[in-house]
Amino acid sequence: MVENTAYRKPPKGTQPDYLYPAYASTRKRAPTRPLVLLPQSLSETTGPVFGRDAVGAGDNDLTTQHPGTPLGERIIVGGRLLDEGGRAVPHALVELWQCNASGRYRHRNDRHDAPLDPNFTGCGRTLTDAEGRYSFVTIKPGAYPWRNHPNAWRPAHIHFSLFGAAFLARLVTQMYFPGDPLLAHDPIYNSTADEKARHRLVADFDLDSTRPEYALGYRFDIILRGHHATPMEKK
Ligand SMILES: [Fe+2]
């Protein structure tokens with residue numbers, strides 16, 4: 001029998017607010033009336049989920065999806081997916097998407113005057129292993145302008161999506177790079193009030209996963225709930 005336990009609410013300030021006026025689009029989409037709490041049922045924690053066989057062995061390498069090698073700095077991004085008790089979350093679907101090294105997404109809505117890279121799509125996916133580990137090879141994304149306010153530039157970031165045991169258990173967040181001067185000016189990053197929680201969105205440079213003559217490694221552990229939870233987007 002599957003046990004249905006309710007998840008505890010995160011401590012105040014450790015997740016982004018629905019309304020953060022400096023992040024302009026939250027003014028349009030933030031709820032204007034009090035939220036209605038729906039009782040959590042088994043359908044949130046069980047039920048149909050993605051097919052594991054749909055994830056190919058090479059889907060976690062964004063540098064080998066085309067005949068040529070993409071431009072930019074090759075990097076390795078990996079870490080562990082953990083629950084509130086520090087336990088590994090195995091066999092979870094981790095997907096990422098990002099712009100290329102020039103700061104341009106391969107998407108029709110991206111009008112940034114920066115070149116597309118014919119050898120870079122910017123999407124990847126993988127499953128966590130028995131210890132909750134995941135790893136991607138990709139290109140370090142560039143900063144890009146986003147018109148949220150005058151002279152607005154997003155710090156380099158990678159979008160992550162996580163699927164748990166059911167389709168309703170999806171979480172989305174962004175990973176940043178250490179030392180990026182744009183972090184201090186980014187309303188999305190700063191929409192999480194708690195500084196320590198916010199900093200959990202910044203990957204660590206990781207010499208252990210850095211491969212000689214190949215690529216720098218970054219470690220980004222993702223914690224799903226509890227006092228050390230990674231801030232997740234509200235949409
Ligand atoms: Fe982005």
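**Reading an iron site and its surroundings**

Colleague: What angles do the four donor atoms around the iron ion subtend, and what does that make of the arrangement?

Modeller: The model is a predicted one, and in it the four donor atoms around the iron ion subtend angles of 91 to 159°, which makes the arrangement irregular. The general idea is to hold the angles against a reference geometry, and four donors count as tetrahedral if all angles lie between 85 and 135 degrees.

Colleague: Which residues coordinate the iron ion, and at what distances?

Modeller: Coordination comes from the OH atoms of Tyr-105 and Tyr-144 together with the NE2 atoms of His-157 and His-159, at 1.9 to 2.2 Å. Along the sequence, the donor residues follow the spacing Y-x38-Y-x12-H-x1-H.

Colleague: Are His-157 and His-159 buried or exposed?

Modeller: His-157 counts as buried because its relative accessibility is 0%, and His-159, at 11%, also counts as buried.

Colleague: Turning to the sheet, what is the order of the strands in the open sheet of four, and what is their pairing?

Modeller: Strands of a sheet pair through backbone hydrogen bonds, and the pairing may be either parallel or antiparallel. Here the four strands of the open sheet come in the order β3-β2-β7-β8, and the pairing is antiparallel. Because β3 (123-127) and β8 stand at the edges with a single partner strand each, one side of each is left without a neighbour in the sheet. From one strand to the next, the twist averages 20°.

Colleague: How many bridges join strand β2 to β3?

Modeller: Strand β2 (residues 93-97) is joined to β3 by five bridges, and the two run antiparallel; within this part of the sheet, Leu-96 stands opposite Gly-124 in β3.

Colleague: Which strand do bridges join to β4, and how many bridges are there?

Modeller: Strand β1 (residues 74-82) is joined to β4 by seven bridges, with the strands running antiparallel, and the bridge partner of Val-77 in β4 is Phe-136. As for its surroundings, β4 is mostly covered, with five of its seven residues buried.

Colleague: How many aromatic pairs does a search of the whole structure find?

Modeller: The search finds nine. In reading such a pair, one takes the distance between ring centres and the angle between planes, where planes over 60 degrees apart count as edge-to-face. The rings of Tyr-134 and Phe-160 have centres 5.9 Å apart and planes at 70°, so this pair is edge-to-face. Since Tyr-134 lies in strand β4 (residues 133-139) and Phe-160 in strand β7 (residues 157-163), the pair ties together parts that are 26 residues apart in sequence. Both Tyr-134 and Phe-160 are buried.

Colleague: What are the distance between centres and the angle between planes for the rings of Phe-177 and Tyr-218?

Modeller: Their centres are 5.1 Å apart and their planes stand at 90°, so the pair is edge-to-face. This pair links distant parts of the chain, with Phe-177 in the loop between β8 (170-176) and α3 (187-190) and Tyr-218 in strand β10 (residues 216-219), 41 residues apart. Phe-177 counts as buried at 2% relative accessibility, and Tyr-218 counts as buried at 7%.

Colleague: Which residues do ring pairs link into a cluster?

Modeller: The cluster consists of Tyr-134, Phe-136, Phe-160 and Phe-220, linked by ring pairs.

Colleague: Which charged end sits over the ring of Phe-177, and which over the ring of Tyr-214?

Modeller: Over the ring of Phe-177 sits the charged end of Lys-140, 5.0 Å from the ring centre, while the ring of Tyr-214 has the charged end of Arg-211 over it, 4.2 Å from its centre.

Colleague: What is the phi of Arg-147, and where is this residue placed?

Modeller: Most residues other than glycine have a negative phi. Arg-147, although not a glycine, has a positive phi of about 60°; its place is in the loop between β5 (144-145) and β6 (153-154), and with a relative accessible area of 78% it is exposed. Glu-213 likewise has a positive phi, near 60°; this residue is found in the loop between β9 (204-205) and β10, and at 83% relative accessibility Glu-213 counts as exposed.

Key. Residues numbered from 1 in each chain as written. Predicted model: local features only at pLDDT ≥ 70, side-chain atom pairs only at ≥ 80, totals over all residues. Heavy atoms only, no water. Phe/Tyr/Trp six-rings, centres within 6.5 Å; stacked < 30°, edge-to-face > 60°. Buried < 20%, exposed > 50% of the residue type's maximum accessible area, 1.4 Å probe, protein only. Lys NZ or Arg CZ within 6 Å of the ring centre and 35° of its normal. Pairing = 2+ DSSP bridges. Axes fitted to C-alpha atoms, helices over the stretch in contact; angles between N-to-C directions. Donors = N, O, S within 2.8 Å, 3.2 Å for Na, K, Ca; no water. Tetrahedral: all angles 85-135°; square planar, octahedral: opposite > 155°, others 65-115°.
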